[in-house]
Every structure is written in structure tokens, then in C-alpha cells.
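Please open the model in your viewer and keep the sequence panel beside it. The tour below moves from one selection to the next and says what is found at each stop.

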Amino acid sequence: MPNLRHLLLCALVVLLASGCARPVERQAERRINALLPEYVGPAQKYSSRVRGDVGALARGRARHVHVDGVQVRLDEALTVDTLALDLGDVEVDTKAGRLRAIRSIAFSATLREANLNRYVRARRAEIPDLQVELRPAGALVRARPEVLGAGVPIQVEGTITPRAGGRLLDFSPGAARVSVVPVPASVLQYLARELNPIVDLSTLRVPVRVARTRTEQGVLILEGDVDPADLLRAAGGGASAP
């Protein structure tokens, strides 16, 4: 029976360790959730999952932190429907209640048509009847630009792609038509010039860098990272990435 006793002992150790760690992790999660509105922005809801050794967590150090946000207002104009952050090797000043250091931050966000159109129309009010439709193959922009004189509505197919180190997102026009008549290239250039950047992330309190974009029906998906030093600097922290 030595093998059975050994297995039971191992199981007991695991249970005791997990029982001790989880309350500490939950306490760390509450601290992280309290910091998120200041560091990221107000949200309908934040939840986080912290992983780390009990002793390290008690000192404010976590091996991995996963954050999920719903309806996160990144700035006054831009609200994303969901936001996910994965932070590696996080250190918190438990006395001051502030982040001290982070090794890495990966992020992904979803932006649905309603929030995207609210944002785009607020920034481009001079483009009449502006509307963006998100599709699996890209985006369809509808507008009634004054360049056509009589204000004939057009629709332009294209893609949304990052530039400027992932701080800006541009609409890259493809084909465009007025009813069934192709639109001249000059009109496409005009629309792109007036519309772009379709999303400006350069002024966010969270200095995200979008590496990839893709669209699904009604949803724009952004993936990339955040320079930990930029986040700490933006939030007024004095430390950088370890």
C-alpha cells in the first residue's frame, strides 16, 4: 500500500496548497480590478484571474494576470465591446495601490458596428450619411460625399488595417459603386483622405499597438500588445518593464 499512501499524501498537499493560494489570488484579483478603471478606463464590468505563488502574491507579485472587460471606455469617444489583457510578471505596490512593474502585455479587443459607427460619425460629422458595415471579408463604407456634387450615395468595399506602429487604423478602399456604376478613383482617394484614420488609438490612456485586424459579421477584432513602460508612464508609474 505504500503507493496508495504516497498518492493520498500528494493529493492532500495539492488540496492544501490550492486552498491556501486561492484566497490570496482572489484578494489580488480584487486589487487588480480596483486599479483597472484608472489604468485602462471605466467599464461596465471587469474581471481578472491571477496566478502566482502564495508568498509572492502576498508581496504583490503575480506570475500571470488575465483581465476581461465589457463595454470598456478607452477614451471619451471610443468604447470597445470587449477587452482582454494578458499580463506577465506583474508587480504591485501594495501600500500605494499602484502598478510597479510588468514584463509583458498582450491584448485583444472587439468593436461592434454600433460602437464603431458612433465613434466614426462623431469624428467625421462632415461626411454625410456615413455608415460602416463589418463583414467577414472586410468592411463596407456607405456615404454621400459632397465631391459628387448632388450628394449621390456611394458604397465602398475595403479593409481596415493598422499603420503608424499600430496606433492608427485605416480604411483601405477596394471597389466602389454608385448603384451599379463604378466610382472614379478620385472619389475613392477623396473618401479615404477624409475618412482616415477610421480609428485613432494614439491618444488612448492605454498605449496599444495593433498588430492584426480581422472582421467578422458585425465585429472588428483587434490584436496586439502594449509596451509595459508606456502603460506605467501613462499611468504615472515610475518603473518600467523588468
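What follows is a walk through a predicted model, beginning with the whole chain and ending with its salt bridges.

**The whole chain**

Begin with the protein chain in cartoon view, where five helices and 12 strands can be picked out. Of its 242 residues, 44% count as buried, and the accessible surface comes to about 12,500 Å², of which 55% belongs to carbon and sulfur atoms. If you turn on contacts and keep those with a sequence separation of 6 or more, 52% of them are accounted for by residues 24 or more positions apart.

**The nonpolar core**

Next, select Val-40, Leu-83, Phe-107, Leu-169 and Ile-198, which touch the most other members of the largest nonpolar core, a set of 59 residues. Centre the view on Val-40 and ask which residues it is in contact with, once its neighbours within four places in sequence are left aside. They are Tyr-46, Val-72, Arg-73, Leu-74, Leu-83, Leu-85, Arg-205 and Val-206, so that Leu-83, itself listed among the core residues above, appears again here.

**Tyr-39 in helix α1**

Step back to Tyr-39, which belongs to helix α1 (residues 2-39). Is this residue buried or exposed? Tyr-39 is buried, with a relative accessible area of 3%. Now add Arg-98 and draw a C-alpha to C-alpha distance: the two residues are 59 apart in sequence and 9.4 Å apart in space.

**Strands β2, β3 and β4**

Select strand β3 (residues 79-93), of whose 15 residues 11 are buried, so that the strand is largely enclosed by the rest of the structure. On one pairing, strand β2 (residues 61-73) is joined to β3 by 11 bridges and runs antiparallel to it, with a hairpin of five residues connecting the two strands; within this pairing, Val-70 stands opposite Thr-82. In the other pairing, β3 and β4 are likewise antiparallel and are joined by 11 bridges, and here Asp-93 has Arg-98 in β4 as its bridge partner.

**Strands β5, β6 and β7**

Move to strand β6 (residues 138-143), where five of the six residues are buried, so that this strand too is largely enclosed by the rest of the structure. Five bridges join β5 to β6 in an antiparallel arrangement, and the hairpin that these strands form has two residues between them. To locate the pairing, select Arg-135, whose bridge partner in β6 is Gly-138. Then extend the selection to strand β7 (residues 154-163), which pairs with β6 in the antiparallel sense over five bridges, and find Val-141 opposite Val-156 in β7.

**Salt bridges**

Switch to side chains, for a search of the whole structure finds 12 salt bridges. Side chains of opposite charge can pair when their charged atoms come close. One of the bridges is formed by Asp-89 and Arg-103, with 2.6 Å from N to O; Asp-89 lies in β3 and Arg-103 in strand β4 (residues 98-112), so the pair ties together parts that are 14 residues apart in sequence. Asp-89 counts as partly exposed at 33% relative accessibility, and Arg-103 is partly exposed with a relative accessible area of 44%.

Return to Arg-135, which also forms a salt bridge with Glu-133, the closest N and O atoms being 3.1 Å apart. Arg-135 is partly exposed at 29% relative accessibility, whereas Glu-133 counts as buried at 18%.

Select Arg-212 and Glu-223 next, a salt bridge whose closest N and O atoms are 3.2 Å apart. This pair links distant parts of the chain, with Arg-212 in strand β11 (residues 208-216) and Glu-223 in strand β12 (residues 219-226), 11 residues apart. Then show Arg-61, Glu-91 and Arg-100 together, since these residues are linked in a network of salt bridges.

**A buried arginine without a salt bridge**

For the last stop, select Arg-124, in the loop between α3 (113-123) and β5 (131-135). Which side chain of opposite charge is nearest to Arg-124? The nearest is Glu-126, 4.5 Å away, and Arg-124 is buried yet has no salt bridge; the cut-off for such a bridge is 4 Å. Beyond its neighbours within four places in sequence, Arg-124 is in contact with Leu-130, Glu-194, Leu-195, Asn-196 and Pro-197.

Terms used: Residues numbered from 1 in each chain as written. Predicted model: local features only at pLDDT ≥ 70, side-chain atom pairs only at ≥ 80, totals over all residues. Heavy atoms only, no water. Core = buried A, V, L, I, M, F, W, Y, C linked by side-chain atoms within 4.5 Å. Buried < 20%, exposed > 50% of the residue type's maximum accessible area, 1.4 Å probe, protein only. Contact = heavy atoms within 4.5 Å. Helix = DSSP H or I, 4+ residues; strand = E, 2+ residues; numbered from the N terminus. Lys, Arg positive; Asp, Glu negative; His and termini not counted. Areas by Shrake-Rupley, 256 points an atom, 1.4 Å probe, with all protein chains shown as cover. Pairing = 2+ DSSP bridges.
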